[in-house]
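Student: I'm new to this structure and would love a close look at one part of it. Could you walk me through the largest pocket, and then say a little about the surface?

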Amino acid sequence: MSRLSPVDLLALGSLGMRTRRLRAALSALGIALGIATVVVVTGIPASSQQALLDELTALGTNLLRAQPTPRQDDPVLLPESSVAMVQRIGPVTAAAAVANTHTRVRRNDLLDPGHSSDITVLAATPGLLDIVNGHVRSGEFLPRPDFPNVVLGNVAAQRLGIAGAGDRPAIFVGEKWFTVTGVLCPTPLAPDIERSVLVGWDAARTYLGFDGHPTVVYVKAREESIEDVRAILPNTLHGEIPGLVQVSRPSDALAAKRATQNSYSALFLGLAGVALLVGGVGVANTMVISVLERRGEIGLRRALGATRGHIRAQFLTEAVLLSGLGGLAGTALGALGVAGYATLHRWPLVIPLEVLAAGVLAAFVVGAAAGLYPSIRAARLTPTQALAA
């Protein structure tokens, strides 16, 4: 039996598509819609889920707060190298600290030194704002941590009568003037900062007599390991008596986020399965009808010397090509649909790459499966039977 070369096989397999372009286009459209449905029903929920997860992450799902246990006498001091020690924990992604400098702050030096404004002066390490999801409303956050400048929490700014940092006002901290370089927006994850004046860590040592021991250590860690990090933080910060260090428990939003991920995963699988089933049935139906309509062509080719293997290869190749082109078009159509919908709702665009690859692969596999039975049936026809039909 003679064998067809790959080039001849492709030319023969595409013959029906080239001679019956409208039917081929409509058939490919049905396949494309099926694959596009797979992409859309996975991409849109995935983008929606990512938008929701981003909102939940902003609630501090990966944030921990460690501080000494409050005691009446002999307060526990966290090590000066607390931030560096915590950053060596594998799942930890970032760490920062603040420390109460026990310094008074006044709007100017004419006020009574004993005047209390209920504002805390905190020394802050670099990176604090990113960890607590804080933002600067006006000015900038401590551009020179070793200089006498400060950043005000939004509540502290109101109490001091400072609306913004545009004209760089000054306040009296301890016994020295400090320039206000920024005013913060509200920080729900760290409400203490809202009522505080933040000073650079080095500046607090130089100008305020700060001893370098943190009061609170903020830690960000990978969400899947947040409980493990919480368990070892006390031993890391105070190995001798870890019970004297208390660590906040993970945010309730973390449980909600994990539940959301699980529910969306089940939804993805269900919707994708239904869409693939619909697409597969459409492909099979199209190819069966195609073969039945072309029985005369099959008989003529058999009469001219084509073998059963040639007939099987021709129709199987046509089914795979038709499905593959429809799959590529459907994947592109679905991706454009997801991109447009996500942009309209201001969601991050999320289309799992495995879904795109699976869509194209599924089209080829479904096409091969759908064309297998019709091609075998066509090959079994004798030239007399096929021509008689």
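Tutor: Happy to; here is a tour of the pocket, followed by a patch on the surface and one further residue. Please keep in mind that this is a predicted model.

Let's begin with the space itself: the largest pocket holds about 570 Å³. Its lining is made of 28 residues. To find the middle of the pocket, look for N100, H102, P214, T215 and V216, which lie nearest its centre. Next, see which strands take part. At least two lining residues come from each of β1 (63-68), β2 (92-100), β4 (120-124) and β10 (216-221). Of these, β1 gives the most, with three residues. As for chemical character, the lining of the largest pocket has twelve nonpolar residues, ten polar ones and six charged ones.

Now turn to the surface. There, L22, L26, L29, L33 and L333 form a nonpolar patch, and together they have about 500 Å² of accessible area. Helix α3 (residues 21-57) supplies the largest share of this patch, four residues. One residue in helix α3 is L29. L29 counts as partly exposed because its relative accessibility is 45%, which falls between the limits of 20% for buried and 50% for exposed.

For a contrasting case, find P234 in helix α9 (residues 226-237). P234 has a relative accessibility of 13%, so it counts as buried; the cut-off for that is under 20%. P234 also sits 7.0 Å from Q246, C-alpha to C-alpha, with the two residues twelve apart in sequence.

Note on methods. Residues numbered from 1 in each chain as written. Predicted model: local features only at pLDDT ≥ 70, side-chain atom pairs only at ≥ 80, totals over all residues. Heavy atoms only, no water. 1 Å grid on protein atoms, 1.4 Å probe; cavity = no way out; pocket = protein on both sides within 12 Å on 5 of 7 lines; lining within 4 Å. Points joined across faces, edges and corners; volume = space filled by probe spheres on them. Nonpolar A, V, L, I, M, F, W, Y, C, P; charged D, E, K, R; others polar. Patch = residues over 30% accessible without salt bridge, like charges linked within 9 Å, V, L, I, M, F, W, Y side chains within 5 Å. Areas by Shrake-Rupley, 256 points an atom, 1.4 Å probe, with all protein chains shown as cover. Salt bridge = Lys/Arg side-chain N within 4 Å of Asp/Glu carboxyl O. Buried < 20%, exposed > 50% of the residue type's maximum accessible area, 1.4 Å probe, protein only.
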